[in-house]
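Here are a few worked exercises to try with the coordinates open. Have a go at each task before reading its solution.

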Amino acid sequence: MPTPSGPGTPGPLESRPGAHASRPELAPGGAREPVRGPGSVGYRAVFAVREFRAVFAAHLISMLGEVVGQIALSVLVYRLTGSPLLSALTFATSMLPYVIGGTLLSSVADRFPARRVLVVCDLVHAGCVAAMVVPGMPVAALLALRCVPAAISPVFSGTRSATLGDILGAGDAFVLGRSVIRITSQTAQLAGFGVGGLLLAAVSPRAALALTAAALVGSALVLRFGTRRRPARELTGGGAPPATAGRCPLLGDSLSGVRRLFADRRIRALMLLSWVPPMFVVMPEVLLTPYSDGLGLGSAGLGLLMCGMPVGAVASEALVGSLLGPRARARLTLPVGVAAMLPALGYACRPSFGWALALQVLTGCGIAYSLGLDQWFFAAVPDELRGRAMTVLTAGLMTAQGLGMAVAGAVAEFAPVHAVAAAAGGCGALCSLLVALEVRRTVARPVRPEV
């Protein structure tokens, strides 16, 4: 996989043995021989791997269930309290604990066998949702129960992402596997909102939550019987030997791993490139409700505007992953990552519904920069830190998006909505350009091309 040109500046981890051992020709952790081919392997080859099909099926089941459950919980809290604020908090509590779990629990992804971590996370999530079904459950308890899955979610996502490297290898198959997960998430959100609305018209919110718990149990079963058992990454990835690894407290191990990741200049730059563009991209999106109200649009118009960005994301990622090879996608990574914010500048002209929808679709197309970024990040992280790195990456992404939403909402209290959206585009492009320049200055050690 090509990397950006520029003077290399090795960080502290780059001198460690195994820091760049994730080569396309190797199967990390002794996994089965991964899918390979010249250039891009294609989505079809990724789905040819049985274990990946199981991971995909589990993700689809759990995502649909989670989206339906999120809507059902919001409706339930609103019916119990009549408070829009408390109803909105059901969404906020699904994001805020990410930074806690991603920081304090990140080492779980490397200290324990991946399959066990994934299954336990799904079952804990299912247990929390099942507890919400109990009649008479106080609203405070419902919100607290929602925080638990949010805290362990980055551990689950990080472990799954690291496991994809074991299942598919470190080459283009891993990149396309991650792409499939993102496409599935975006599509499941679109479908889940529709399914959730229809379901709540037929059953009670608590019944919908029960179905969510069942879906999560189903996901756990698919992962348990559809994936191989692999030893903990710390015991196989060149990290501490088993005799010492087990004595390090979980919290200290997690914080130590986070410090090691941020101490490496290239890893730090790549994480910022993963967080900064999405933080600004969500700012115009979170302002669509007041913006559509200013245009006099109804709920149908608002719904279409909200669908614009996911549609653009799914279409662009599928096309780029299917039509372009690894080298072409790598060349697009930095330009597309910076350009993703530029469509938001169009809000300065107060666009009508049609033009605003086009701006949202174009903004969503910027997600395609993640394909090249995934391969760079995978190659930069030492094997024994891969689970923690993916966990921190996920937690930082959700935290950055939540921060972007909060800032946009606060500024829009004092400035016109269209001006805030346009300013977010300009500031986002500038900040992303600075991060992109830093990435160019931290060239990874070259790896051998795929064969």
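**Exercise 1.** Is Cys 431 buried, partly exposed or exposed?

*Solution.* Some ground rules come before the steps. This is a predicted model, where local features need pLDDT of at least 70, side-chain atom pairs count only at pLDDT 80 or more, and totals for chains, interfaces and linings use all residues. Residues are numbered from 1 along each chain as its sequence is written, and side-chain values use heavy atoms, with hydrogens and water left out.

- Step 1: take the classes, with buried under 20% relative accessible area, exposed over 50% and partly exposed in between (1.4 Å probe, protein chains only).
- Step 2: Cys 431 has a relative accessible area of 30%, so partly exposed it is.

**Exercise 2.** Find how many disulfides there are.

*Solution.*

- Step 1: the test is a pair of cysteine sulfur atoms within 2.5 Å.
- Step 2: the count by that rule is zero.
- Step 3: for Cys 427, the nearest cysteine sulfur belongs to Cys 431, 6.4 Å away, and Cys 427 is in no disulfide.
- Step 4: Cys 427 is partly exposed too, at 44% relative accessible area.

**Exercise 3.** Work out where Arg 350 sits and what sign its phi has.

*Solution.*

- Step 1: Arg 350 lies in the loop between α15 (326-339) and α16 (353-364); helices here are DSSP runs (H or I, at least four residues), numbered from the N terminus.
- Step 2: its phi is positive, near 50°.
- Step 3: most residues other than glycine have a negative phi.
- Step 4: Arg 350 is exposed, with a relative accessible area of 56%.

Notes:
Helix = DSSP H or I, 4+ residues; strand = E, 2+ residues; numbered from the N terminus.
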